[in-house]
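This report walks a new reader through one protein model, beginning with its sheet and moving outward to its loops, its ligand and the confidence of the prediction. Please keep the sequence and the structure in view while reading.

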Amino acid sequence: MFDSLSDRLSGVFDKLRGRGALSETEVRAAMREVRVALLEADVALPVAREFVEEVTERAVGEEVVRSVTPGQMVVKIVNDALVELLGSTNAELDLNTSPPAVVMMVGLQGSGKTTTTAKLAKRLKEKDRKKVMMASLDVARPAAQEQLAVLGRQAGVDTLPIVAGQSPTDIAKRALESARLQGYDVLMLDTAGRLHVDQQLMDEMNAIAAASKPAETLLVVDSLTGQDAVNVAKGFGAEVELSGVILTRMDGDARGGAALSMRKVTGKPIKFAGTGEGLDAIEPFHPDRVAGRILGMGDVVSLVEKAAETVKMEDAERLAKKMEKGKFDLDDLALQIKQMQAMGGVGALAKMMPGMKGMKAAGDVDEKALTRLEAMMSSMTPGERAKPKIINAKRKIRIAKGSGTTVQDVNKLLKMHQQMESAMKKLKKMGGFGKLAAMFGGGKGLPGGDGMPDLGGALPGGLPGLGGPGAPGGLPPGFDKFSKK
Ligand SMILES: Nc1nc2c(ncn2[C@@H]2O[C@H](COP(=O)(O)OP(=O)(O)OP(=O)(O)O)[C@@H](O)[C@H]2O)c(=O)[nH]1
């Protein structure tokens, strides 16, 4: 996400960081580079211009010149301005109305609207515990209604039964009636897309809105289209009452122009970001965290939240209890690996950690290594996993064969486990797991960590493994060196 913009900006700031003094000329030169970086990222010209003017004004002020760390100060000013540009705070959905609250999804064809409808419905159901129904009002594209029904089944969200021959407004009315009678909290309406913003489409949107009185009307736009996305939002916004924007394909957006210009140009907040094809790949859009990612300062809060969402509480507690006793077998290791994968793998985690963005080692960890580790462990017997010491040379060969790896790989896995186990033992001597978790900031110490499961156990955080914040690259030794076979 935003990789090329991020690289450009870190290039500019690296020159400033660590400098004892900065002249006004130097600050202005750096700001010119920031402007070029923003324009290259496809940020709308007036937005880039105004942003740079504002930042320059603040940065050439006495505050920076007199500051002990002027470079850092400039980065902070840019960070604050970015947060403002992106909308300051996360704009949440407002579904506070008598149920069913209608969420109307609008957007151009291929923007990812249907997928996003299902993602959001799944999230509302699973995270907010809402009873959600989806209905497709797209009668223009053959199979659109069926597509939503399929996604509904995948997401475990109910969809309105399809009745052929109805108009979009008739479907909306039927959906509303049906959701009301069956006690749904939220009704999501997936409307038809078009290739361009045209009057017929706008009339249809307004007719549907009049019939269903949406609490939220969310525009889905593809972030990869940069300024076009912003123009589409302007076009829709002029005709339809939008309450917010969802940017899809942020996972592939190296530039970030759409995200950076959207708020300023359209006045509409970005409420969510689509971050992949899977139905869980949607995140609330937090301006401060996004700014942090752009400036390579990491996004620890999202990381922690992601962990809390993906890691099962019981698993985390079970593991914490065992570790407290100084026990850690291969099943526990497998569990940790699964959790890491569920969080998007090592690469994804590394990107969110402060200071790790640019670290080659972390980014280069072969994701496949995780899969191989899992394969080896599933080739072992339950007895072997509980007591890896009983694995002899002959078994090692069998395990390697069974998992498509090599005996060296199996040896590395066993060594890794041994190291972790001995770390657990040391930990026990040191006064236990809770103490260490607190020390690493696992759970309690981290911002936004309230009510988190004990993260030291949940995340590989409390382990000598991935280390808490500030322990980058702390993967178990040899972890990234498994054969690529
Ligand atoms: N990588 C990535 N792919 C996405 C994201 N959101 C949607 N997609 C993919 O984009 C493609 C198009 O999505 P659809 O939901 O069918 O598009 P649509 O806008 O509903 O299209 P119409 O129904 O024709 O209007 C699908 O293959 C999705 O999986 C995202 O955030 N990231």
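## The sheet and its strands

Eight strands form an open sheet with mixed pairing, and their order across the sheet is β3-β2-β4-β1-β5-β6-β7-β8. The edges are held by β3 (158–159) and β8 (282–284), each of which has a single partner strand, so one side of each is left without a neighbour in the sheet. In general, the strands of a sheet pair through backbone hydrogen bonds, either parallel or antiparallel. The model described here is predicted, and its protein chain has 23 helices along with the eight strands.

Strand β5 (216–222) repays a careful look, and the pairings on either side of this strand can be described in turn. With β1, the pairing of β5 is parallel and runs over five bridges, and M104 is the residue that stands opposite T217 in β5. With β6, β5 also runs parallel, the two being joined by five bridges, and V221 has L247 in β6 as its bridge partner.

How many of the residues of β5 are buried? Seven of the seven are, so this strand is largely enclosed by the rest of the structure. The side chains' directions divide the strand into two sets: E216, L218, V220 and D222 point one way from β5, while T217, L219 and V221 point the other way, and all of these residues are buried. For the protein chain as a whole, buried residues make up 48% of the 485 residues.

## Loops and unusual backbone geometry

Most residues other than glycine have a negative phi, and most peptide bonds are trans. Against that background, three places in the loops of this model deserve attention, and they are set out in the table below.

| Site | Backbone feature | Loop |
|---|---|---|
| P99 and P100 | cis peptide bond, omega about 0 degrees | P100 between α5 (70–86) and β1 (101–107) |
| K213 | positive phi, about 45 degrees | between α9 (199–212) and β5 (216–222) |
| R249 | positive phi, near 55 degrees | between β6 (244–248) and α11 (257–266) |

Are K213 and R249 buried or exposed? K213 is exposed, because 11 other C-beta atoms lie within 10 Å, whereas R249 is buried, because 22 other C-beta atoms lie within 10 Å.

The loop between β6 and α11 also holds G256, which counts as buried because it has 26 C-beta neighbours inside 10 Å. Leaving aside neighbours within four places in sequence, G256 is in contact with F2, L5, A41 and I294. The C-alpha atoms of G256 and V43 are separated by 7.5 Å, although the two residues are 213 residues apart along the chain. Joining of distant parts of the sequence can also be seen in the chain as a whole: among contacts between residues at least 6 apart in sequence, 73% join residues at least 24 apart.

## The ligand and an annotated segment

Which residues are closest to the ligand? Of the 22 residues that surround the ligand, the closest are G112, T114, T115, G193 and G274. Helix α6 (residues 113–126) gives the most to this shell, with four residues. Sorted by class, the shell around the ligand contains 14 polar, six charged and two nonpolar residues.

An unreviewed UniProt entry lists residues 269–282 under "domain: SRP54-type proteins GTP-binding". Over residues 269–282, the chain is 0% helix and 43% strand, and the end C-alpha atoms are 16 Å apart.

## Confidence of the prediction

The protein chain has a mean pLDDT of 78, and 73% of its residues reach 70 or more. Two stretches call for caution. Over residues 358–365 pLDDT stays under 50, and the model has 18 contacts beyond four places in sequence for this stretch. Over residues 435–485 pLDDT likewise stays under 50, and here the model has 131 contacts beyond four places in sequence. For the complex, the predictor gives an ipTM of 0.95 and a pTM of 0.65.

Definitions and conventions:
Residues numbered from 1 in each chain as written. Predicted model: local features only at pLDDT ≥ 70, side-chain atom pairs only at ≥ 80, totals over all residues. Buried ≥ 20, exposed ≤ 12 C-beta atoms within 10 Å, placed from the backbone. Contact = placed C-beta atoms within 7 Å. Near = placed C-beta within 6 Å. Nonpolar A, V, L, I, M, F, W, Y, C, P; charged D, E, K, R; others polar. UniProt positions renumbered as here; feature names shortened; annotations may be inferred. pLDDT = per-residue confidence, 0-100. Pairing = 2+ DSSP bridges.
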